[in-house]
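Grab a viewer and work through these exercises with the coordinates loaded. Each task comes with a solution in steps, so try it yourself before reading on.

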Number of protein chains: 2
Amino acid sequence: MFSIGALAKRTGVKIPTIRYYEQMGLIAPLERTEGNQRRYGRPELEQLGFIKHARDLGFSIDAILGLIALQDHPDRTCVEATEIARAQLADVRAKIAKLTALEGELNRLAQGCNGNGIAGECYVLAALADHQRCEADH
Amino acid sequence: MFSIGALAKRTGVKIPTIRYYEQMGLIAPLERTEGNQRRYGRPELEQLGFIKHARDLGFSIDAILGLIALQDHPDRTCVEATEIARAQLADVRAKIAKLTALEGELNRLAQGCNGNGIAGECYVLAALADHQRCEADH
DNA sequence: ATAATTGCTCTAGTGACTAGAGGTTCAAGG
DNA sequence: CCTTGAACCTCTAGTCACTAGAGCAATTAT
């Protein structure tokens with residue numbers, strides 16, 4: 001049985017975030033002290049590890065709630081968990097694609113100007129003002 | 001001179017967003033009608049195009065405010081504009097790197113399970129619970 | 001016993017919008 | 001000229017995943 005501070009230190013999740021997760025229904029402490037302080041056990045430690053890992057992978061709180069519901073009903077098929085993971089993967093891939101396109105344009109933008117001119121004829125500002133110069137459409 | 005609705009249609013920026021940008025100090029209409037409705041001209045159209053383009057490239061409202069300040073003082077050197085663009089590029093590259101790492105892990109996650117087992121022995125849930133199985137650290 | 005640390009709840013702020021309520025103004029047709 | 005309906009106005013609150021701070025209570029160490 002340990003305090004919220006100890007849990008925070010062990011998992012690397014900040015104290016207010018743990019309390020926020022509790023509010024969102026992700027982890028509740030097993031019990032409280034007489035003075036109303038949260039006391040956690042090993043299962044909560046593992047649960048929070050799970051949550052942190054999923055958050056690091058970009059899963060939304062809502063998606064994690066779904067995964068937790070699956071953990072709590074291990075008789076359900078695994079399809080749902082895999083679907084959540086696949087959706088997340090698709091999301092990440094879409095983001096990568098978009099960011100890569102932006103990288104290309106920003107690169108041209110940043111290289112077009114050596115930084116020695118004056119802003120009145122700055123390539124960066126001109127390029128931002130004139131979308132025509134873009135290769136990809138966004 | 002055209003209305004906010006016409007401006008929205010021409011630029012593809014939604015009406016509430018235009019009003020929000022005005023609140024943030026990005027674009028103000030030249031004038032208002034007697035009945036207090038916004039009326040925009042060509043300069044505002046171009047300004048909003050600039051803003052949209054920069055937002056599409058991931059620039060923050062704050063960064064765009066900086067760029068606009070440069071436009072308004074064309075005597076300043078171009079260095080600042082380039083610096084803002086370079087910072088944005090670095091940011092985008094960092095995000096791509098992080099997302100690519102996540103993509104790898106998510107891919108393993110989603111492929112480890114064919115979706116036919118039961119959640120009690122689901123690879124997705126197990127992998128999320130056990131960070132040890134990860135290759136990269138995040 | 002006391003001081004230092006840690007904990008509690010509650011409210012409000014972040015960024016970049018989006019949604020809705022409740023009311024006003026404009027443009028077009030009759 | 002008048003009415004109708006679309007578009008407009010302001011203002012407040014909600015989104016997501018936290019983060020910060022106020023003001024107070026409990027625990028721990030000395």
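**Exercise 1. Work out how Asp56(A) and Lys52(A) are placed relative to each other in helix H3 of chain A.**

Step 1: Asp56(A) and Lys52(A) sit four residues apart in helix H3 (residues 42-56) of chain A, so about one helical turn separates them. Helices here are DSSP runs of H or I with at least four residues, strands are E runs with at least two, and both are numbered from the N terminus.

Step 2: An α-helix has 3.6 residues a turn, so residues three or four places apart point the same way.

Step 3: Asp56(A) and Lys52(A) form a salt bridge, with 3.4 Å between the closest N and O atoms. The term means a side-chain nitrogen of Lys or Arg within 4 Å of a carboxyl oxygen of Asp or Glu.

Step 4: Asp56(A) is partly exposed at 22% relative accessible area, and Lys52(A) is partly exposed at 27%. (Buried is under 20%, exposed over 50%, partly exposed in between, using a 1.4 Å probe and protein chains only.)

Before going on, some ground rules: this is a predicted model, where local features need pLDDT of at least 70 and side-chain atom pairs pLDDT 80 or more, while totals for chains, interfaces and linings use all residues. Residues count from 1 along each chain as its sequence is written, chains are lettered from A and ligands numbered from 1 in the order written, and side-chain values use heavy atoms, without hydrogens or water.

**Exercise 2. Find what Glu22(A) pairs with, and which parts the pair ties together.**

Step 1: Searching the whole structure gives twelve salt bridges over all chains.

Step 2: One of them joins Glu22(A) to Arg38(A), with the closest N and O atoms 2.6 Å apart. Glu22(A) is in helix H2 of chain A and Arg38(A) in strand E2 (residues 38-39) of chain A, so the pair ties together parts that are 16 residues apart in sequence.

Step 3: Arg38(A) counts as buried, at 18% relative accessibility.

Step 4: Add Arg32(A), and you have a network of salt bridges linking Glu22(A), Arg32(A) and Arg38(A).

**Exercise 3. Locate the salt bridge between Glu103(B) and Arg93(A).**

Step 1: The side chains of Glu103(B) and Arg93(A) meet at 2.7 Å, N to O.

Step 2: This pair crosses between chains, running from helix H5 (residues 79-111) of chain B to helix H5 (residues 79-111) of chain A.

Step 3: Glu103(B) is partly exposed at 21%, and so is Arg93(A), at 36%.

**Exercise 4. Check the span of helix H4 of chain A and find what covers its buried residues.**

Step 1: H4(A) covers residues 61-72, which is twelve residues. The expected span is 1.5 Å times one less than the number of residues.

Step 2: That gives 16 Å, and the end C-alpha atoms are 16 Å apart, so the two agree.

Step 3: The buried residues include Ile61(A), Ile64(A) and Leu67(A). Their cover includes H2, H3 and H5 of chain A and helix H6 (123-129) of chain B; contact means heavy atoms within 4.5 Å.

**Exercise 5. Describe the protein surface near DNA strand D.**

Step 1: DNA strand D is surrounded by 19 residues, with Tyr21(A) and Arg55(A) among the closest. (Near means a heavy atom within 4 Å.)

Step 2: Of the strand D atoms within 4 Å of the protein, 88% belong to sugar or phosphate.

Step 3: A polar side-chain atom of Tyr21(A) is 2.8 Å from a phosphate oxygen of strand D.

Terms used:
A polar contact is a pair of N or O atoms within 3.5 Å; within protein, one must be able to donate a hydrogen and the other to accept it, and residues adjacent in sequence count only if both atoms are side-chain atoms. Ala, Val, Leu, Ile, Met, Phe, Trp, Tyr, Cys and Pro count as nonpolar, Asp, Glu, Lys and Arg as charged, and the others, Gly among them, as polar.
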